[in-house]
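Biologist: I am new to reading structures. Could you take me through one, feature by feature?

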Amino acid sequence: MQIWVDADACPRVIKEMLFRAAERVKVSVTLLANNALRTPESPYIKSIQVADGLDVADKEIVQKLRPGDLVVTADIPLAAEVIKKGGYALNPRGEFYTKDNVQEYLSIRNFMQELRSSGEVTGGPPTFSMKDRQAFANQLDRFLAQQSAALI
């Protein structure tokens, strides 16, 4: 299993949690972004800088993804592709996208995009909170424990 991170918009605190998890459970974590990223020296952690452009990192993640891999992303279309390919998608606020909920998230996203394009002011996402950090940490730990139990 590999963890892929859609890193351009991923909060630093989430990346740091992933770095600690990589070392603790010895799982590969790869960050993909349009910008160069600094990562700790580790055999388990690497970053890939992709070309500038819309969804370039997303396409690279989908191309490299294998069934059972985890992708950390807030990008709902990317999450839908991950699920379609047999991977798991976890957003930085600690919620898993699933076959059961990703279409609903896509519909809401598309509706909000339509509102914004028609001139409606919808505001952005809520501020990233301690509750979000804790939810992510709990889901990540639970997921990694399940994956390691499946290997035994």
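**Reading the features**

Modeller: Start with burial. D132 is buried, because its relative accessibility is 13% and the cut-off for buried is under 20%. Keep in mind that this is a predicted model.

Biologist: Which residue forms a salt bridge with D132?

Modeller: R93. The two side chains meet with N and O 2.6 Å apart. D132 lies in helix α5, while R93 sits in the loop between β5 (88-90) and β6 (96-97), so the pair ties together parts 39 residues apart in sequence. R93 counts as partly exposed, because its relative accessibility is 27%.

Biologist: How many salt bridges are there by this rule?

Modeller: The rule is a side-chain nitrogen of Lys or Arg within 4 Å of a carboxyl oxygen of Asp or Glu. The count comes to four. One of them joins D141 and R24, whose closest N and O atoms are 2.9 Å apart. That pair links distant parts of the chain: D141 is in helix α5 (residues 130-151) and R24 is in helix α1, 117 residues apart. D141 is partly exposed, at 39% relative accessibility.

Biologist: Where do E60 and K64 lie?

Modeller: Both are in helix α2 (residues 56-64). They are four residues apart, about one turn of the helix. Their side chains meet in a salt bridge, 3.4 Å from N to O. E60 is partly exposed, with a relative accessible area of 22%. K64 is partly exposed too, at 31%.

Biologist: What is the nearest side chain of opposite charge to K15, and how far away is it?

Modeller: It is D8, at 7.3 Å. K15 has no salt bridge, because that distance is not within 4 Å. Yet K15 is buried. This lysine lies in helix α1 (residues 12-25). Leaving out residues up to four places away in sequence, K15 touches A7, C10, L31 and L37.

Biologist: Now rings. What describes a pair of aromatic rings?

Modeller: Two values describe a pair: the distance of the centres and the angle of the planes. This structure holds two aromatic pairs. In one, the centres of Y88 and F143 are 5.0 Å apart and the planes are at 65 degrees, so the pair is edge-to-face. Y88 lies in strand β5 and F143 in helix α5, so parts 55 residues apart in sequence are tied together. Y88 is partly exposed, at 37% relative accessibility. F143 is buried, with a relative accessible area of 4%.

Biologist: Is the pair of F96 and F143 stacked, edge-to-face or tilted?

Modeller: Tilted. The rings are 5.8 Å apart, centre to centre, with 40 degrees between the planes. F96 lies in strand β6 and F143 in helix α5, so this pair ties together parts 47 residues apart in sequence. F96 is buried, with a relative accessible area of 17%. Put the pairs together, and Y88, F96 and F143 are linked into a cluster.

Biologist: What about the backbone? Which residue in the loop between α1 and β2 (28-33) should I look at?

Modeller: Look at K26, which is found in that loop. The angle to read is phi. For K26, phi is near 60 degrees, a positive value in a residue other than glycine. K26 counts as exposed, because its relative accessibility is 54% and exposed means over 50%. D55 also has a positive phi, near 65 degrees, and is not glycine. D55 is found in the loop between β3 (45-49) and α2. At 36% relative accessibility, D55 is partly exposed.

Biologist: Last, the inside. How many residues does the largest nonpolar core have?

Modeller: It has 24. Those with the most contacts inside it are I3, V5, L18, V29, V72, F136 and L140. At least two residues each come from β1 (2-6), α1, β2, β4 (70-72) and α5. Helix α1 gives the most to this core, with six residues.

Biologist: What is L18 in contact with, leaving aside its neighbours within four places in sequence?

Modeller: The list is I3, V5, V29, V72, F136 and L140. There is also a second, separate core of 18 residues, which includes V50, A57, A80 and I83.

How values were computed: Residues numbered from 1 in each chain as written. Predicted model: local features only at pLDDT ≥ 70, side-chain atom pairs only at ≥ 80, totals over all residues. Heavy atoms only, no water. Buried < 20%, exposed > 50% of the residue type's maximum accessible area, 1.4 Å probe, protein only. Lys, Arg positive; Asp, Glu negative; His and termini not counted. Contact = heavy atoms within 4.5 Å. Phe/Tyr/Trp six-rings, centres within 6.5 Å; stacked < 30°, edge-to-face > 60°. Core = buried A, V, L, I, M, F, W, Y, C linked by side-chain atoms within 4.5 Å.
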